[in-house]
Amino acid sequence: MEMKIYFPGGKRVNAEYGQHTIETDQPVKDGGNDSAPAPFDLFLASVGTCAGLYILGFCQQRGIDTEGMSITQTLKYNPETRLVEQVNLN
């Protein structure tokens, strides 16, 4: 399947994939309007939800109740580069 990436104005960058449009924008401090999640935030959410899908499937196959279950995703930043150095899922 093909994904179309386009630029609807300002700091927004959107993606069309199948019947879905994924909208992104930058925070105000980065020149955007904060009208949608930033692309990197969606990337991080995709990591967490992908892990969550595996956990959900594991539990469902074994009849384990997932009510009240959750994953907490935390980031470790490199203090010198200020870039994400590690993503933790607990």
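This report describes two strand hairpins and a nonpolar surface patch in a predicted model.

Strand 1, which covers residues 3–9, and strand 2, which covers residues 12–17, are paired in the antiparallel sense, and within this pairing Tyr 6 has Asn 14 of strand 2 as its bridge partner. The two strands form a hairpin in which Gly 10 takes a positive phi near 60°. Further along the chain, strand 4 (residues 73–77) pairs with strand 5 (residues 84–89), again in the antiparallel sense, and here Lys 76 stands opposite Gln 86 in strand 5. The turn of the hairpin formed by strand 4 and strand 5 contains Arg 82, whose phi is positive at about 60°.

The table sets out the two hairpins.

| Hairpin | Bridges | Residues between the strands |
|---|---|---|
| Strand 1 and strand 2 | 5 bridges | 2 residues |
| Strand 4 and strand 5 | 5 bridges | 6 residues |

Strand 5 also takes part in the surface patch, since strand 5 and helix 1 (39–62) each supply at least two residues of this nonpolar patch. The patch, with an area of about 530 Å², is made by Ile 55, Phe 58, Ile 64, Met 69, Ile 71, Val 87 and Leu 89. Of these residues, Ile 64 is placed in the loop between helix 1 and strand 4. Ile 64 counts as partly exposed because its relative accessibility is 37%, a value that falls between the 20% limit for buried residues and the 50% limit for exposed ones.

How values were computed
Residues numbered from 1 in each chain as written. Predicted model: local features only at pLDDT ≥ 70, side-chain atom pairs only at ≥ 80, totals over all residues. Heavy atoms only, no water. Pairing = 2+ DSSP bridges. Helix = DSSP H or I, 4+ residues; strand = E, 2+ residues; numbered from the N terminus. Patch = residues over 30% accessible without salt bridge, like charges linked within 9 Å, V, L, I, M, F, W, Y side chains within 5 Å. Areas by Shrake-Rupley, 256 points an atom, 1.4 Å probe, with all protein chains shown as cover. Salt bridge = Lys/Arg side-chain N within 4 Å of Asp/Glu carboxyl O. Buried < 20%, exposed > 50% of the residue type's maximum accessible area, 1.4 Å probe, protein only.
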